[in-house]
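Visitor: I should like to learn how to read a structural model. Might we take its features one at a time?

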Amino acid sequence: MAFGVMAAAGQTWSVGLLMMSLMFLLSLLGRLLTLLFQDTVPAEYLGRVTATSQLLTTGFGPLSVLSAAWLSDVASARFVFVIVAAAALALAVLSRFGVMSRADWRIRLP
């Protein structure tokens, strides 16, 4: 919340810090989702589920960049950063209290 307020106030270094924390959260959520797939999906479907997940992620990447570019033209780049950071924070909170919180995260060695 404090980063969003600083970004709205015009401090450009805070936007960079916000972007760094956003990328960290998104990469962490991606790794946790992969672990969740490996823990819950049957072995015979794991390849298909992982491939579908990567296809959707790769497909929505360019669309999200186009929509962010359009939104930054309509509103402002700072607005886009704040909205994306709020969405990432919401995903992190939802993952904490959703299915991912009930998964077994222990490392099992063969």
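Guide: The discussion below moves from the overall fold to the helices and then to the largest pocket. Please bear in mind throughout that this is a predicted model.

Visitor: How many helices and strands are there in the protein chain?

Guide: The protein chain contains four helices and zero strands. Along the sequence, the pattern reads α-α-α-α. Of the 110 residues in the protein chain, 16% are buried.

Visitor: What span should be expected for H3, and how far apart are its end C-alpha atoms?

Guide: H3 has 29 residues, which at 1.5 Å a residue should span 42 Å; the end C-alpha atoms of H3 lie 41 Å apart, in agreement with that expectation. H4, with 21 residues, reaches 31 Å from its first C-alpha to its last, close to the expected 30 Å.

Visitor: Where in H3 does a kink lie?

Guide: The kink, of about 25 degrees, is at Gly61, shortly before the proline Pro62.

Visitor: How does one read the sides of a helix?

Guide: The general idea is that an α-helix has 3.6 residues a turn, so residues three or four places apart point the same way. In the present case, the buried residues of H4 are Val80, Ala85, Ala88, Ala92 and Ser95. They are on the same side of H4 because they cover an arc of only 130 degrees around the axis. On the other side of H4, Leu94 and Phe97 are exposed.

Visitor: Is Ala88 buried or exposed, and on what value does that rest?

Guide: Residues under 20% relative accessible area count as buried. Ala88, in helix H4, has a relative accessible area of 3% and is therefore buried. Its C-alpha lies 7.0 Å from that of Leu25, although Ala88 and Leu25 are 63 residues apart in sequence.

Visitor: Is Trp70 buried or exposed?

Guide: The cut-off for exposed is over 50%. Trp70, which belongs to helix H3, has a relative accessible area of 57% and is therefore exposed. Between the C-alpha atoms of Trp70 and Val80 the separation is 9.8 Å, and the two residues are 10 apart along the chain.

Visitor: How does one find a pocket, and how much space lies in the largest pocket?

Guide: Rolling a probe the size of a water molecule over the atoms shows where empty space is left. In this model, the largest pocket holds about 910 Å³ of space.

Visitor: Which residues lie nearest the centre of the largest pocket, and which helices supply its lining?

Guide: The lining comprises 29 residues, and Leu26, Thr57, Phe60, Gly61 and Ser64 lie nearest the centre of the pocket. Helix H2 (12–40), helix H3 (46–74) and helix H4 (77–97) each supply at least two residues of that lining. H3 provides the largest share, 14 residues. Gly61, where the kink in H3 lies, is thus one of the residues nearest the centre of the largest pocket.

Visitor: What is the lining of the largest pocket by class?

Guide: The lining has 17 nonpolar, 11 polar and one charged residues.

Notes
Residues are numbered from 1 along each chain as its sequence is written. This is a predicted model: local features need pLDDT of at least 70, side-chain atom pairs count only at pLDDT 80 or more; totals for chains, interfaces and linings use all residues. Side-chain values use heavy atoms; hydrogens and water are left out. On a 1 Å grid over the protein atoms alone, a cavity is a set of points where a 1.4 Å probe fits but cannot get out, and a pocket is an open set with protein on both sides within 12 Å along at least five of seven lines; lining residues have an atom within 4 Å of a point. Grid points are joined across faces, edges and corners, and a volume is the space filled by probe spheres set on the points. Ala, Val, Leu, Ile, Met, Phe, Trp, Tyr, Cys and Pro count as nonpolar, Asp, Glu, Lys and Arg as charged, and the others, Gly among them, as polar. The expected span of a helix is 1.5 Å times one less than its number of residues. Buried means under 20% relative accessible area, exposed over 50%, partly exposed in between (1.4 Å probe, protein chains only). The arc is that of the directions from the helix axis to the C-beta atoms. The bend at a residue is the angle between axes fitted to the seven residues ending there and the seven starting there.
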